[in-house]
Protein chains: 12
Amino acid sequence: MSTHTYKHIELTGSSEKGIEEAVQSALAKASETIHNLRWFEVTDTRGHIEDGRVAHWQVTIKVGFTLE
Amino acid sequence: MSTHTYKHIELTGSSEKGIEEAVQSALAKASETIHNLRWFEVTDTRGHIEDGRVAHWQVTIKVGFTLE
Amino acid sequence: MSTHTYKHIELTGSSEKGIEEAVQSALAKASETIHNLRWFEVTDTRGHIEDGRVAHWQVTIKVGFTLE
Amino acid sequence: MSTHTYKHIELTGSSEKGIEEAVQSALAKASETIHNLRWFEVTDTRGHIEDGRVAHWQVTIKVGFTLE
Amino acid sequence: MSTHTYKHIELTGSSEKGIEEAVQSALAKASETIHNLRWFEVTDTRGHIEDGRVAHWQVTIKVGFTLE
Amino acid sequence: MSTHTYKHIELTGSSEKGIEEAVQSALAKASETIHNLRWFEVTDTRGHIEDGRVAHWQVTIKVGFTLE
Amino acid sequence: MSTHTYKHIELTGSSEKGIEEAVQSALAKASETIHNLRWFEVTDTRGHIEDGRVAHWQVTIKVGFTLE
Amino acid sequence: MSTHTYKHIELTGSSEKGIEEAVQSALAKASETIHNLRWFEVTDTRGHIEDGRVAHWQVTIKVGFTLE
Amino acid sequence: MSTHTYKHIELTGSSEKGIEEAVQSALAKASETIHNLRWFEVTDTRGHIEDGRVAHWQVTIKVGFTLE
Amino acid sequence: MSTHTYKHIELTGSSEKGIEEAVQSALAKASETIHNLRWFEVTDTRGHIEDGRVAHWQVTIKVGFTLE
Amino acid sequence: MSTHTYKHIELTGSSEKGIEEAVQSALAKASETIHNLRWFEVTDTRGHIEDGRVAHWQVTIKVGFTLE
Amino acid sequence: MSTHTYKHIELTGSSEKGIEEAVQSALAKASETIHNLRWFEVTDTRGHIEDGRVAHWQVTIKVGFTLE
């Protein structure tokens, strides 16, 4: 929240368990190559259905990180 | 994701426990009469409050299924 | 859902655990001073990231209560 | 507002008199075949003009009913 | 609804009585100079308050007419 | 419309008769404690259905007033 | 555009060729069981990609028909 | 993209063939009276259905032109 | 804010200096031919970039004026 | 950005000079009675026109503060 | 639609012929450097006008691809 | 505005002085690594408050550049 410049990217993570884990999964993948991840915002919550149940939660997030 | 035609319906499921269970509850009810449910998108997350706590989570989803 | 007048306020609650707990946290704080909380709607789901993981979930809700 | 599952449908009712009567007209038609209508939300208010005056009000509503 | 080209304009009409009369008032004014008004859509419903009551309803509409 | 600062609050009024009366009802309640109400904007028009008819109109408005 | 009541449903049609054919495909499927289809509105245009090219166009439409 | 002032108008063109031709049709009509049309943006894609097929595509565009 | 009818038009003004001047520039151009301009609302703020700097600010406004 | 609960209010500030000063003016008024103001978001930028020029900029902001 | 993480990027492709070709053009350019493009969504359809006709269609798409 | 393909990225720049400088700051940072920046659109204007005054303006922009 200082005078840095931030860049935002949009990711979709997925999980068989739920929304929170799908977000963590996307962040874990992104942090392999991007450091300085600061915040995220959920922009879409979807899922794939098999046999009348949620097979995968698919959560789209906008993620902000510091440009250095 | 093939050349089928899909129809979308909108449902609200509820649960005392949380968002994921409210979605599963709506899908379970819909799958009693509709087969081929394929995907869903959360369009609204609301709830009913009693004594300063969430009494019921009420989650609205758009659900897509194959027209055969 | 009767002929009462309702007022809506907007709050952001936070939690290290997840979305549901962040909502409960905001409602617990609001119910210290406002009685007759009736319903809420989630309007934004964000979070703060530390070390590539969600440090705090921050969930914004619109809350309705009866004006007496 | 209990643990039921709700389904939503979208209708457009019309009236020469005004908005409220157009809504009542759509509900009257829907209640011929669907019981347990619970709530509605106005999503669009349009009309047809003849000779510089409103000939028909056309009001679109989303209607929720209990799945039993 | 044929192969004509339509132009849309945006107007705000006002009335001390209510929403329908504010729309009719805007259409009456527009039809002084534009013929072939065909349809309208309400895009905003506002009002001015005096002494805790609505003094004027101000309804904004998009109006379509045939280009000849 | 001068250099004052305005605050906005959001209210839902209800009425068995129609939209205009639901708005007036919310304003009447608000003006018991807030003076200087200046304008409102309708943000949501909903209702409760009983026996296939509108039992209560529930209209949500944003109301602006002068901070003194 | 008369005093009928209309119902709206949402469909996704697909085509390997383009947007117009995907819409026609959804309408052809819907008209097998619903008569009196009157109008549609495109609400989403998506597609599936294979080998860097559009494999299927998937166009979502809202379709209105007369309730009789 | 210089320091000119632009004005925007909204038009709906129609075509029996498809979206592109409906846009060209609206632009052809507008250019009879307005010169310096510079850009457009599609804001709505609708159509009229007859016998289960699209009878007319109706595409609404916002068009910008230079004020001289 | 009386019982007049208002018409709204949409303009884009530009400036090398900033947002406020781009708005003033569009109003100055519009007031050459339209009197009774009353209010505006900013609907889009864009710009053209040259050599990594803003070359022109381009601000789109909706402007309301009294129909007489 | 810790585990506090935040409340959001909506204000409109005005200024003869420009957008930034209108925001500062609303914050100055709000800080007379509310401490712990943390952030704001601009949600609407409007203005009042006199003699073809902006007489007052009117900027609406959502302001967040810590509930203690 | 499995447990992969997806990244989304936004592109604008252009074509003198029409919407479909503008999308294909953007995908062809993107697939030079990104493999695993999976889906796209059209988010904006614009164009440049010369002599009262569409000179270039410019279609903006959001494209999703698998992060490996 | 020719037949190039454009890519869009989203950045947040900040400034103690105002909106224009926050945009310039984000563009200056982006132009260190990306050439051919062509246009931007402001999508969010926020700020951080200290002692009842704006400490930093934080302006989010979508920036388009040519893919070569």
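Author: Let's start with a term: a salt bridge is a side-chain nitrogen of Lys or Arg within 4 Å of a carboxyl oxygen of Asp or Glu. Between chain H and chain E the count is one salt bridge. This is a predicted model, where local features need pLDDT of at least 70 and side-chain atom pairs count only at pLDDT 80 or more, while totals for chains, interfaces and linings use all residues. Residues are numbered from 1 along each chain as its sequence is written, chains are lettered from A and ligands numbered from 1 in the order in which they are written, and side-chain values use heavy atoms, with hydrogens and water left out.

Reader: What makes H:Glu10 and E:Lys62 a salt bridge?

Author: Their side chains meet at 3.3 Å, N to O. The cut-off is 4 Å, so the pair counts. In general, side chains of opposite charge can pair when their charged atoms come close.

Reader: Why are D:Glu32 and D:Lys29 also called a salt bridge?

Author: Here N and O are 3.8 Å apart, and that is within 4 Å, so the name fits.

Reader: Why is D:Glu32 called buried, partly exposed or exposed?

Author: Buried means under 20% relative accessible area, exposed over 50%, and partly exposed in between (1.4 Å probe, protein chains only). D:Glu32 has 55%, so exposed is the word.

Reader: What about H:Lys62 and I:Glu10, which also form a salt bridge?

Author: Their closest N and O atoms are 3.3 Å apart. The pair crosses between chains, from strand β3 of chain H to strand β1 (residues 5-15) of chain I; strands are DSSP runs of E, at least two residues, and helices are runs of H or I, at least four, numbered from the N terminus. H:Lys62 has 23% relative accessibility, so it counts as partly exposed. I:Glu10 has 12%, so it counts as buried.

Reader: How do you know whether J:Arg46 and J:Asp44 are buried or exposed?

Author: J:Arg46 has a relative accessible area of 22%, so it is partly exposed. J:Asp44 has 18%, so it is buried. Their side chains meet in a salt bridge of 2.7 Å, N to O.

Reader: Why is E:Gly18 called buried?

Author: Because its relative accessible area is 5%. E:Gly18 is found in the loop between β1 (5-15) and α1 (19-30) of chain E. Leaving aside its neighbours within four places in sequence, E:Gly18 is in contact (heavy atoms within 4.5 Å) with E:Trp57 and F:Glu20.
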